[in-house]
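Please look over this model together with its sequence. The questions that follow deal with the surroundings of the ligand and then with the backbone.

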Amino acid sequence: MIKVITYGTFDTFHYGHFFLLERAKALGTHLTVCISTDEFNKNQKRKIAKLNFSERVRIIKSLNFVDHIYPEKSWDQKVLDIKNFEINIFAIGDDWKGKFDFLKSYCDVIYLPRTNDVSSTLIRGY
Ligand code: C2G
């Protein structure tokens, strides 16, 4: 089993998120998606999501290629998550290119192409 992990808010879920998650799953055979909590969004990411955490979980859970969902509560949980879940690959959109290279000590790090013509900000209007 090749275990992949990715992180995000996934607010106003759109095809950019979908393609990213599909690409992440295609890297392995098991995909864990860590979804930013409302508190993490507000206090750390300075994001006000339109949908709350449980709504965003329900949407991601409905994707049949997502195997495990976990809350993202802090920037610093990734190393522990990778160890605890025995992750082989950390994957995220290339808008984060280079930002998570420090995880290379624990697993492969892959930056996947972002879909540039859609964003939650555009959909939300803020
Ligand atoms: N994404 C994408 N195309 C878009 C928008 C987003 O490929 N048009 C990708 C992002 O690159 C990210 C994932 O979808 O990999 C989730 O995006 P966001 O919900 O915006 O999450 P983000 O703010 O990038 O949070 O600790 C990491 C953070 O939680 C990532």
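Q: Which residues come nearest to the ligand?
A: In this predicted model, the ligand has 21 residues around it. By class, the residues of this shell divide into seven nonpolar, eight polar and six charged. Those that come nearest to the ligand are K47, E72, D95, T115 and V118.

Q: How much of the accessible area of the ligand does the protein cover?
A: Polar contacts with the ligand include one of its oxygen atoms at 3.1 Å from a polar backbone atom of T9, and an oxygen atom at 2.9 Å from an N or O atom in the side chain of K45. A nitrogen atom of the ligand is 2.6 Å from a polar backbone atom of T115. Of the 630 Å² of accessible area that the ligand has on its own, the protein covers 95%.

Q: Which element gives the largest share of the shell around the ligand?
A: The ligand takes up the space of the largest pocket. Two or more residues of the shell come from each of β1 (3–8), α1 (15–26) and β4 (89–93). The largest share, three residues, is given by α1.

Q: Where is R46, which has a positive phi although it is not a glycine, found?
A: The phi of R46 is about 55 degrees. With a relative accessible area of 67%, R46 is exposed. R46 is found in the loop between α2 (38–45) and α3 (53–61).

Q: Is E86 buried or exposed?
A: E86, which is not a glycine, has a positive phi of about 50 degrees, and it lies in the loop between α4 (78–84) and β4. Because its relative accessible area is 60%, E86 counts as exposed.

Note on methods: Residues are numbered from 1 along each chain as its sequence is written. This is a predicted model: local features need pLDDT of at least 70, side-chain atom pairs count only at pLDDT 80 or more; totals for chains, interfaces and linings use all residues. Side-chain values use heavy atoms; hydrogens and water are left out. A residue is near a molecule or strand if one of its heavy atoms lies within 4 Å of it. A polar contact is a pair of N or O atoms within 3.5 Å; within protein, one must be able to donate a hydrogen and the other to accept it, and residues adjacent in sequence count only if both atoms are side-chain atoms. Accessible areas come from the Shrake-Rupley method with a 1.4 Å probe; for residues, only the protein chains shown count as cover. On a 1 Å grid over the protein atoms alone, a cavity is a set of points where a 1.4 Å probe fits but cannot get out, and a pocket is an open set with protein on both sides within 12 Å along at least five of seven lines; lining residues have an atom within 4 Å of a point. A molecule sits in a cavity or pocket if more than half of its atoms lie within 2 Å of its grid points. Helices (H or I, at least four residues) and strands (E, at least two) are DSSP runs, numbered from the N terminus. Ala, Val, Leu, Ile, Met, Phe, Trp, Tyr, Cys and Pro count as nonpolar, Asp, Glu, Lys and Arg as charged, and the others, Gly among them, as polar. Buried means under 20% relative accessible area, exposed over 50%, partly exposed in between (1.4 Å probe, protein chains only).
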